[in-house]
Amino acid sequence: MKHIKHLLLVSASFLLVLSLSACSGMSKQDKGTAIGAGVGAVGGSVLTGGSAIGTVGGAAVGGVIGHEISKP
């Protein structure tokens with residue numbers, strides 16, 4: 001089970017880095033939303049011990065917070 005959690009965390013980190021490299025044409029608010037969702041997903045996964053619901057919930061909450069914080 002630890003191997004799966006580690007693989008999930010590495011995969012999420014890789015996808016976050018990959019998605020940030022595609023942000024050149026995005027607005028500041030879009031970037032904030034994407035970064036918030038990525039950080040929220042990793043945080044939700046860590047806090048809930050790798051639970052899928054925790055990861056998705058963290059991504060949703062992080063995306064909303066990132067969207068609101070980066071408003072012009």
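Let me begin with Glu-68, which has a relative accessibility of 43% and therefore counts as partly exposed. In this predicted model, Glu-68 forms a salt bridge with Lys-71, and the closest N and O atoms of the pair are 3.3 Å apart. The partner, Lys-71, is likewise classed as partly exposed, because its relative accessibility is 45%. How many salt bridges does the structure hold? The count is one.

With that contact in place, I turn to the overall architecture. The chain contains three helices and zero strands, and the pattern read along the sequence is α-α-α. Taken along the principal axes, the C-alpha atoms fill a box of roughly 40 × 20 × 10 Å. Of the 72 residues in the chain, 22% are buried.

Next, the interior space. A search of the whole structure returns one cavity of 30 Å³ or more. The largest cavity encloses about 40 Å³ of space. Its lining is made by Leu-8, Leu-9, Ala-12, Ala-41, Val-42, Ser-45 and Thr-55. Which helices each supply at least two residues of that lining? They are helix 1 and helix 2, the latter spanning 28-47. In terms of chemistry, the lining of the largest cavity comprises five nonpolar residues and two polar ones, with no charged residue.

I now move from the cavity to the pockets. The largest pocket holds about 150 Å³ of space. Ten residues line this pocket, and those closest to its centre are Ala-12, Leu-15, Leu-16, Gly-38 and Ala-41. Please note that Ala-12 and Ala-41, which are among the residues closest to the pocket centre, also belong to the lining of the largest cavity. Helix 1 and helix 2 each contribute at least two residues to the pocket lining. Which helix gives the most to that lining? Helix 1 does, with five residues. By class, the lining of the largest pocket divides into seven nonpolar and three polar residues, and charged residues are absent from it.

Leu-15 deserves a separate comment. This residue is located in helix 1, which covers residues 2-21. Is Leu-15 buried or exposed? Leu-15 counts as exposed, because its relative accessibility is 53%, and the cut-off for that class is over 50%. Leu-15 is one of the residues closest to the centre of the largest pocket. On the surface, Leu-15 also joins Phe-14 and Leu-18 in a nonpolar patch of about 330 Å². Leu-15 thus appears in two of the features on view here, namely the pocket lining and the nonpolar surface patch.

Finally, I draw your attention to Lys-28, a residue of helix 2. Lys-28 has a relative accessible area of 68% and is therefore exposed. Where in space does Lys-28 lie with respect to His-67? The two residues are 39 residues apart in sequence, and their C-alpha atoms are separated by 9.2 Å.

To close, I return to the main points. The predicted model is a chain of three helices without strands, and its salt bridge joins Glu-68 and Lys-71. Helix 1 and helix 2 both take part in lining the largest cavity, and both also take part in lining the largest pocket. Neither the lining of the cavity nor that of the pocket includes a charged residue. At the surface, Phe-14, Leu-15 and Leu-18 form the nonpolar patch.

Technical notes:
Residues are numbered from 1 along each chain as its sequence is written. This is a predicted model: local features need pLDDT of at least 70, side-chain atom pairs count only at pLDDT 80 or more; totals for chains, interfaces and linings use all residues. Side-chain values use heavy atoms; hydrogens and water are left out. Patches are made of residues with over 30% relative accessible area and no salt bridge: like charges are joined within 9 Å, nonpolar side chains (Val, Leu, Ile, Met, Phe, Trp, Tyr) within 5 Å. Accessible areas come from the Shrake-Rupley method with a 1.4 Å probe; for residues, only the protein chains shown count as cover. A salt bridge is a side-chain nitrogen of Lys or Arg within 4 Å of a carboxyl oxygen of Asp or Glu. Helices (H or I, at least four residues) and strands (E, at least two) are DSSP runs, numbered from the N terminus. Buried means under 20% relative accessible area, exposed over 50%, partly exposed in between (1.4 Å probe, protein chains only). On a 1 Å grid over the protein atoms alone, a cavity is a set of points where a 1.4 Å probe fits but cannot get out, and a pocket is an open set with protein on both sides within 12 Å along at least five of seven lines; lining residues have an atom within 4 Å of a point. Grid points are joined across faces, edges and corners, and a volume is the space filled by probe spheres set on the points. Ala, Val, Leu, Ile, Met, Phe, Trp, Tyr, Cys and Pro count as nonpolar, Asp, Glu, Lys and Arg as charged, and the others, Gly among them, as polar.
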